[in-house]
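Got your viewer open and a cartoon on screen? Let's walk through this one stop by stop, selecting as we go.

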Amino acid sequence: MHPRDQTIFALSSGRPPSAIAIIRVSGPEAGTALKQLAGKTPTPRMATRAFLRDASGQPIDDAVVLWFPGPASATGEDVAEFHVHGGRAVLASLFASLSAMKNLRAAEPGEFTRRAFENGKLDLTEAEGLDDLIHADTDRQRRQALRQLKGLLGDKARDWRAQIIEASALIEAGIDFSDEGDVPAELIAPALVKVARLAGEIEDVLAAQGRSERLRDGLVVAIAGPPNVGKSTLMNQLARREVAIVSPHAGTTRDVIEVQLDLDGYPVTVIDTAGIRETDDPVEQEGVRRARARAAEADLVLWLADAANEKVEHSGPTPVWRVRNKIDLDEASRPMADTAIRTGFWISAKSGDGVPELIAGLVGFAEGYFGATEVGLISRARQRQLLQETASSLHRSMDVAEEGEELAAEELRVAAHSLGRLLGRVDVEDILDVIFREFCVGK
């Protein structure tokens, strides 16, 4: 039997032990498995209490079971769910019973969602939204993923594709009636008007996105500067816990330390790097090299300095903020409010003085980087690339229309094909494994 025709099962809840665990079964043998274990097939979509027993009649657990006959289920197939107590022994016994049944096997990562996709329960943009929702760490990531899961981009793409097909049909009808005098012009002109409008709509969506797809990965902020200026102390302040070793001795940090933060819903990865200086120590030299490399790759560099180290030793396109530390050690160095605005941030990483203002500045930078609005539809580079290809094909169809209606019609077919790939309905087998293997088992 082909793997896609087999019945699959997996734990679809959290890691055991837990109060309740949910095991999901999907495929043609789901009903048989439910009847063998529970002794009956319950009323569809109604939670039913049942005492589960294995093939030898030995009790497994007192559980709640649900039955979702296909195609009215999450995957479009017959689906059964077992809600059992979440102990490891209970799960092991239930998994052993399911594994012993004919044509049942453990699910692979993302296989439930892939079957839902293949059975038309969701398109590829919605599947990507589900994956993003599972991995969302912040509230803004969650809201963006929910927009994808609700199918906002997919709905737009389906509408655009239908309109492209309509325009293509008009142009091809003009080709068929090319011997009827004015008929081709009467058909092609409104088609090109429709194409121009569609190209404009897609380009508006592309222009409005900014860097919204980066919200999935987050903003990278590197703390850089000379040794012993308080980089690790600032890192601990931002993380609100001790993630980096703090020492009065220069060169304590020799490798890159990362911590993920949620700043007002924006995902931010803060990197603590080795102090940048000339040194003969080969280990510290490697740390300095890595520090420079990570600072160059970051989206923002916080150059930390103190009264003894004022010079900024970083160059490149990455924005750099000057952060003056240790103001608690030199009261005379504290700036007036207007001076702080002009010269950067003045803080005491040890006492926390000035750190809230720095965090507020980071939130503002993230807001500008990701975009303050939540109307973005694009969350992945794949989606952006296919929409760009669609818009380019639409423009080419208008450019070549005067050279021949056949050329314009072909470009419209290419545009429709790009949108089909966006939705996952044509020619995407090569990317499906890449997308669905990122899912967790049981989804």
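Start by selecting β2 and β5: these two strands pair in the antiparallel sense over eight bridges. Keep in mind that you're looking at a predicted model. To find your place in the ladder, put S18 on screen as sticks; G86 in β5 stands opposite S18.

Stay on β5 (79–86) for a moment. Is this strand enclosed or not? Color by burial and you'll see that six of the eight residues of β5 are buried, so the strand is largely enclosed by the rest of the structure.

Now add β4 (59–68). β4 and β5 run antiparallel, joined by five bridges. V64 is a handy marker here, as V64 stands opposite H83 in β5.

Go back to β2 (residues 18–26) and bring in β1 (residues 7–11): this pair is antiparallel too, with four bridges. Click L11 and then look across to I23, the bridge partner of L11 in β2.

Time to zoom out. Which strands make up the whole sheet, and in what order? The sheet is open, has six strands and reads β3-β4-β5-β2-β1-β6, with mixed pairing. Select β3 (48–53) and β6 (104–106) to see the edges: each has a single partner strand, so one side of each is left without a neighbour in the sheet. Turn the view to follow the twist, which averages 30° from one strand to the next.

Next, show the helices on this sheet. Helix α2 (residues 88–99) lies across β1, β2, β3, β4, β5 and β6, and runs at about 150° to β5. Then pick helix α3 (residues 111–118), which packs on the sheet and touches β1, β2 and β6. The direction of α3 makes about 135° with that of β1.

Jump along the chain to Y266, in strand β9 (residues 266–272). Y266 has 1% relative accessibility, so it counts as buried. Draw a distance from its C-alpha to that of T138: the two residues are 128 apart along the chain, yet the atoms are separated by 6.4 Å.

Last stop: select helix α12 (residues 381–399) and helix α13 (residues 405–423), which pack at about 165° with their axes 8 Å apart. The two helices are therefore roughly antiparallel, and their crossing is left-handed. Show side chains for the contact, including L386, L387 and L394 of α12 and L412, V414 and L419 of α13. The contact residues divide into nine nonpolar, five polar and five charged.

Terms used. Residues are numbered from 1 along each chain as its sequence is written. This is a predicted model: local features need pLDDT of at least 70, side-chain atom pairs count only at pLDDT 80 or more; totals for chains, interfaces and linings use all residues. Side-chain values use heavy atoms; hydrogens and water are left out. Axes are lines fitted to C-alpha atoms, for helices over the stretch in contact, and angles run from 0 to 180 degrees between N-to-C directions. Angles under 35 degrees count as roughly parallel, over 145 as roughly antiparallel, 65 to 115 as roughly perpendicular and the rest as oblique. A crossing is left-handed if the near helix is turned anticlockwise from the far one by less than a right angle, and right-handed if clockwise. Contact means heavy atoms within 4.5 Å. Ala, Val, Leu, Ile, Met, Phe, Trp, Tyr, Cys and Pro count as nonpolar, Asp, Glu, Lys and Arg as charged, and the others, Gly among them, as polar. Buried means under 20% relative accessible area, exposed over 50%, partly exposed in between (1.4 Å probe, protein chains only). Two strands pair if DSSP finds at least two bridges between them.
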